[in-house]
Structures are given as structure tokens and as C-alpha cells.
Amino acid sequence: MSKLETTTKPERPLKYQIVSKKKKEEQAARIPKEWLISNLTSPDVTNYIDLPRKCGLLSSEELRITEQFDATALAEEIREKRLKCVDVVRAFCKRATIAHQLTNCLTEIFFTDALERAAELDAHLASGKPPLGPLHGVPVSLKDTFKVRGYDSSTGLASLAFNPVTQNSVLVDILLNSGAVLYCKTNVPQTLLAFDTHNNVFGRTINPHNTAVTAGGSSGGEGALIAMRGSVLGVGSDLGGSIRIPAMCNGIFSIKPSWERIPYANGIHAGAMKVSIPPSAGPMGRSMRDMELFFRAVSLQEPWTLDPDVTPLPWNILPATSPPRKLRIGIVRHDGIVTPHPPISRLLDTVKTALTSAGVETIALDIAPLLTQCKPLFDTLHTVEGGNAMLDLIEAADEPLSPWLQSRFQRQPPKDLLEVQKLHAKRDVLQKEFLQVWNSQHGDVDAFFCPVAPHPVPPVDRYDFINYTSAFVLLDCAAGVVPVKMFGEQDLRGEVEGEVLGEWDRVNRGLWTGFDRRVYLGTPLCVQVVAPSLREEVLVEAMQVIDEAVKMAGCGKVGAKL
């Protein structure tokens with residue numbers, strides 16, 4: 001045989017490629033074939049939001065169930081026996097399947113288990129027994145970080161796949177005891193430390209509003225699924241913005257509570273985070289009253305008896321007063337490091353005007369001197385372990401780093417104990433100083449609103465700066481996201497003014513100046529609302545006031561609004 005006739009042997013697939021193929025086959029086997037879309041999309045389609053409605057797979061009743069009710073309304077319909085749990089759960093399983101085919105948002109699928117549980121819950125009500133709890137029959141989706149007995153919690157890592165867990169996360173048991181029906185888990189980025197949801201096992205999750213921009217991370221699968229109405233209520237986790245960033249990118253409501261409020265016990269990597277910065281578990285959904293429903297349902301189960309980290313603090317709705325209690329809401333425009341783009345600054349003005357029209361007092365707050373100190377401390381504290389345990393897991397399956405991580409994640413020597421101790425001492429000082437924001441700088445302030453990010457929803461793999469979200473993890477504040485409007489032609493105007501403040505500011509300006517801004521058209525614009533630590537009730541109240549004010553002002557529709 002001549003040299004020209006020789007052939008090279010095909011390369012053997014790497015470990016992670018074998019795992020990925022098997023996991024996707026497992027997913028496919030768990031989806032009824034009659035729920036598959038025959039023709040997904042044409043290349044010129046960039047907005048997938050309406051495709052579940054148009055694909056022809058959902059009946060008129062399934063469309064009604066998934067589009068006309070939030071979780072609170074569904075719970076009532078089920079409780080009053082106007083809807084059956086089985087019909088509700090089947091509708092959301094089916095719509096989640098459609099959302100997944102379009103956006104690649106799911107990891108573990110357990111529709112069969114969900115439908116069996118729904119039938120049991122229907123029989124429970126039919127026998128005359130009271131509902132198990134506020135979530136009786138309500139389908140709830142979960143970020144892949146939460147453990148569900150009998151299923152993987154691989155978090156997109158090949159070395160953790162095909163190893164079903166034997167014990168539920170504490171929050172999973174609480175949701176089940178409250179009557180929820182769990183039916184799927186959702187995609188996350190490799191390492192859980194990226195802000196674009198991509199991993200080598202399940203692939204990349206697509207933003208259904210605009211396929212050119214990111215779905216966010218690390219709860220990006222949840223964000224996309226809820227935006228597509230494949231879920232009515234989901235649970236994410238947040239270490240630097242991982243609940244709030246996907247909420248901003250997908251135009252939904254979300255809350256990152258203080259880490260001591262909602263149980264995280266027996267979650268993925270839960271113990272390791274205590275050495276650095278603890279994550280928070282929190283709700284993501286389509287209405288503010290569903291945010292309150294989640295907290296009320298969890299609180300009724302007395303989670304502090306199941307997770308020693310949870311503060312014994314029942315959910316107390318603030319008492320109604322006549323006339324209604326007047327809130328004082330602050331406005332934070334700048335973190336002192338990165339200057340927000342013009343549409344973000346105008347968005348804050350829009351919300352301020354809406355609040356003023358609604359009779360709500362707003363107060364300008366300058367907390368940049370504090371926020372500038374948060375970024376370097378967060379960056380150091382959340383990497384005290386050096387990323388070595390995660391890289392060990394990645395390398396065990398021959399995985400490459402995801403695109404977003406390739407220039408950002410590498411092994412570092414772990415910090416020694418004395419250095420970690422000093423870092424936590426600095427954090428304690430900052431948290432104490434931040435208390436003055438609420439009660440002395442401008443008089444008592446109930447909450448404030450600020451950007452979620454200094455830019456609109458960026459292109460895939462271009463989300464870089466997180467101090468507007470990570471600072472409030474470091475400070476252990478309660479924080480949430482309220483959708484306001486969609487980015488339109490009028491939002492393209494304006495330039496970033498003032499001198500460049502540093503490298504982070506220069507990179508951020510690169511997403512506006514000399515950049516094709518039209519990529520932002522049709523993406524959500526949202527604000528972040530922040531309240532003191534363990535004051536989630538106040539946060540919910542402030543978010544409700546802002547949501548109602550912008551609705552009354554007619555700011556514009558976002559997909560999350562009913």
C-alpha cells in the first residue's frame with residue numbers, strides 16, 4: 001500500500017463525549033415522541049418566545065393552562081377543583097419539552113414520576129382531604145444543583161454523570177411536603193461560575209428572546225424555561241448573580257434571599273462554599289405574588305428545623321395599614337467602577353418617574369465608595385480554594401473548559417487559613433458599614449433599586465462584569481429583579497459620557513461604543529431591587545410597588561407579565 005493509500009484511524013471519543021452522547025440519549029428516551037417538533041426553526045428566526053404557541057403541539061386547554069395562570073392562580077384552581085393536577089402537570093411537561101427542543105434548557109427529565117405524583121395529589125383532594133400545602137399540584141422546576149433522589153446532579157460535569165443521588169436536597173423535600181410536583185431540572189454552566197450557560201455534557205442554553213444574546217448563568221436553563229412558559233415557578237441558586245442575571249436576560253422575576261433564609265443543605269458543593277461565600281437558593285417566576293408564594297410555602301415547613309443554617313424566621317407579611325404604608329425607596333446609579341450604558345441610566349429614570357407618579361418617595365443614594373471595595377474582596381474571597389477541586393472533576397473526564405471560562409478560570413494556590421480569616425474580617429467590616437445606608441445616610445430607607453448590570457443583555461459569552469450583583473452577595477442583602485420593558489429603537493440613542501474609569505469600564509464601553517447596538521433589540525430591560533439582610537418581606541413589598549408603578553405607567557410589555 002502506497003503512502004497515498006494509507007488512512008489514519010479515527011480518533012477515539014474522549015470520556016466527556018461518550019458521557020454527553022449517553023446523557024442526551026437518556027433525555028430523548030424520557031420524552032414522548034408525540035411531543036417532538038417536526039420542524040424546529042428556520043435560520044432567520046431569532047425569537048422563540050411564541051413558537052410553543054405556533055408549533056401545533058399544544059391543545060387550546062394546554063395553552064390556557066400554561067399562559068393564563070401564574071403559580072398562585074394555578075394553586076387556587078387546583079384547590080377549588082376547577083383544574084386537575086394531572087392536566088396542569090402534563091401541560092407543563094409538554095411545554096417544557098417544546099422549550100427544551102428550542103433552547104436546550106433541560107438536564108434531568110422525570111415526567112413519568114411527575115404525572116404519577118399528580119394523579120396521587122388529585123386522589124388526595126378527591127377523597128376530601130385538604131391540600132398538602134400552598135403548592136399542592138403546582139409544577140416546579142429546579143436548577144440542576146438541587147438533588148432529587150434517583151436522578152443525577154451532574155451540574156454539566158461528565159465525571160458526575162450517571163451517579164444518581166440517594167438523598168434529596170432539604171429544599172426539595174420541603175417543596176414536596178408543600179404539595180409541589182417536581183418534573184425537570186435545568187441546565188447550568190460548567191463550574192457554575194460562568195454567566196453564559198454552556199457545558200460539555202448538555203451543551204449551550206439559548207436565550208428565547210434573541211438567539212444572539214446570552215441566556216445568562218448560572219441558572220440560565222431556569223431563566224429560558226420560565227421565559228418560554230415551560231415552567232410557572234422555578235428554583236435557582238445565586239453566588240454572584242446566578243439567579244438575578246438569568247432573570248434579567250430572560251425578562252422574569254427572581255429573588256436572591258439572604259443565605260440564611262432558604263435551606264441549601266445537601267445541595268451541590270454546599271459545604272465547600274461556606275469557606276468562601278455561601279450561595280442562596282431562591283425563586284424565579286412570572287409574577288411577584290409567586291415570589292411571595294414560594295417564601296410562604298417554604299416558611300410553613302419550618303426549614304430551620306431541617307437545616308441548621310436557616311434562621312428561625314417565619315414569613316411575616318407586613319401588616320396592612322390605612323392609608324397604605326409609605327415606602328422610601330433609594331436609587332443607586334453607579335458602583336464607582338463601571339459606568340452604565342445610556343439605556344440603563346434611562347431605565348432608572350423611567351422607574352423613578354413611575355414611582356413618583358404613584359406617590360412613592362425616591363431618594364438618591366451614593367454608595368459607590370462601599371461598592372468599589374466589594375469587587376476586589378468578592379473576587380478574592382470566592383476563589384479561596386483556588387478552583388482545584390472543580391478542575392480535578394473537569395480533567396477526570398478529559399473535558400476542555402467552556403469558551404467563557406477559557407481565559408478566566410485556572411488553577412491557583414489555595415489561600416492559607418490566616419489569609420482567609422483576614423478576608424472574612426474585611427467582609428464583616430463592610431457589612432457593618434453598609435448598615436448605615438439603611439438608617440442614617442438619608443434617613444430611613446426601606447429598599448433601593450439599581451442596575452442588574454451596566455449594560456443590556458449582552459451577546460453570547462460577552463457577560464463580564466458582575467459587581468452590581470456580586471456586591472450584594474458579599475454584603476448578604478436580599479435582592480431581586482423586576483422586568484420593566486423591552487429594548488426598543490428609542491433605546492439605541494446616547495453615548496457613554498465621562499472619562500474611562502479603568503479596564504472594566506473600557507470593556508463595558510466596548511459593548512456600546514463602536515458596537516452594533518441593534519443586537520439588543522427585543523431583549524428585556526430589568527432593574528434590581530435590594531433590601532437589608534433577612535428582610536425579604538420588605539424586598540417583596542418594594543418589588544411589588546415598583547412592578548405595579550411601572551405597569552401603571554405603561555412602560556411596555558415584558559414576556560414575564562401576565
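Student: Over how many bridges do strands E7 and E12 pair?

Tutor: This is a predicted model, in which local features need pLDDT of at least 70, side-chain atom pairs count only at pLDDT 80 or more, and totals for chains, interfaces and linings use all residues. Residues are numbered from 1 along each chain as its sequence is written, and side-chain values use heavy atoms, with hydrogens and water left out. Helices (H or I, at least four residues) and strands (E, at least two) are DSSP runs, numbered from the N terminus. Two strands pair if DSSP finds at least two bridges between them, and for the antiparallel pair E7 and E12 the number of bridges is three.

Student: Which residue of E12 stands opposite Lys256?

Tutor: E12 covers residues 478–486, and E7 covers residues 253–256. Lys256 has as its opposite residue in E12 Ala479.

Student: Which strand is joined to E12 by eight bridges?

Tutor: The two strands in question run antiparallel. Within this pair, Val481 faces Gln528. The partner, made of residues 524–531, is E13.

Student: How many residues of E12 are buried?

Tutor: Buried means under 20% relative accessible area, exposed means over 50%, and partly exposed lies in between (1.4 Å probe, protein chains only). E12 has nine residues and is mostly covered. The number of its residues that are buried is eight.

Student: How many bridges join E6 to E8?

Tutor: E8, residues 280–285, has six of its six residues buried. Two antiparallel bridges tie E7 to E8, and there Phe253 lies opposite Gly285. E6, residues 233–238, also runs antiparallel to E8, with Gly236 opposite Gly282. The number of bridges between E6 and E8 is six.

Student: Which strands stand at the edges of the sheet of 11 strands?

Tutor: The open sheet follows the order E1-E3-E2-E6-E8-E7-E12-E13-E11-E9-E10, with mixed pairing. Each edge strand has a single partner strand, so one side of each is left without a neighbour in the sheet. The two strands in that position are E1 (106–109) and E10 (361–365).

Student: By what angle are neighbouring strands of this sheet turned against each other on average?

Tutor: Axes are lines fitted to C-alpha atoms, for helices over the stretch in contact, and angles run from 0 to 180 degrees between N-to-C directions. For this sheet, however, direction is ignored. The average turn between neighbouring strands is 25°.

Student: In which sense do E9 and E11 pair?

Tutor: E9 spans residues 328–332 and E11 spans residues 447–451, with three bridges between them. Ile329 stands opposite Ala447. The sense of this pairing is parallel.

Student: How are H3 and H5 placed to each other?

Tutor: The axes of H3 (residues 60–67) and H5 (residues 85–103) come within 9 Å and cross at roughly 90°. Angles under 35 degrees count as roughly parallel, over 145 as roughly antiparallel, 65 to 115 as roughly perpendicular and the rest as oblique. H3 and H5 are therefore roughly perpendicular.

Student: How many residues of the contact of H3 with H5 are charged?

Tutor: The contact (heavy atoms within 4.5 Å) includes Glu62 and Leu63 of H3 and Asp87 and Val88 of H5. Ala, Val, Leu, Ile, Met, Phe, Trp, Tyr, Cys and Pro count as nonpolar, Asp, Glu, Lys and Arg as charged, and the others, Gly among them, as polar. Five residues are nonpolar and one is polar, while the number that are charged is five.

Student: How many residues are nonpolar in the contact of H13 with H16?

Tutor: H13 (residues 368–381) and H16 (residues 467–474) pack at about 75°, with axes 9 Å apart. Among the residues that meet are Leu371 and Phe378 in H13 and Ala471 and Phe472 in H16. Besides two polar residues and one charged residue, the number of nonpolar residues is eight.

Student: How many disulfides does a search of the whole structure find?

Tutor: A disulfide is a pair of cysteine sulfur atoms within 2.5 Å. For Cys55, the nearest cysteine sulfur, that of Cys105, is 14 Å away. For Cys555, the nearest is that of Cys526, at 12 Å. The number of disulfides found is zero.

Student: Which residue does a cis peptide bond join to Gly217?

Tutor: Most residues other than glycine have a negative phi, and most peptide bonds are trans. At this cis bond, omega is about 10°. The residue joined to Gly217, in the loop between E5 (203–204) and H8 (220–227), is Ser218.
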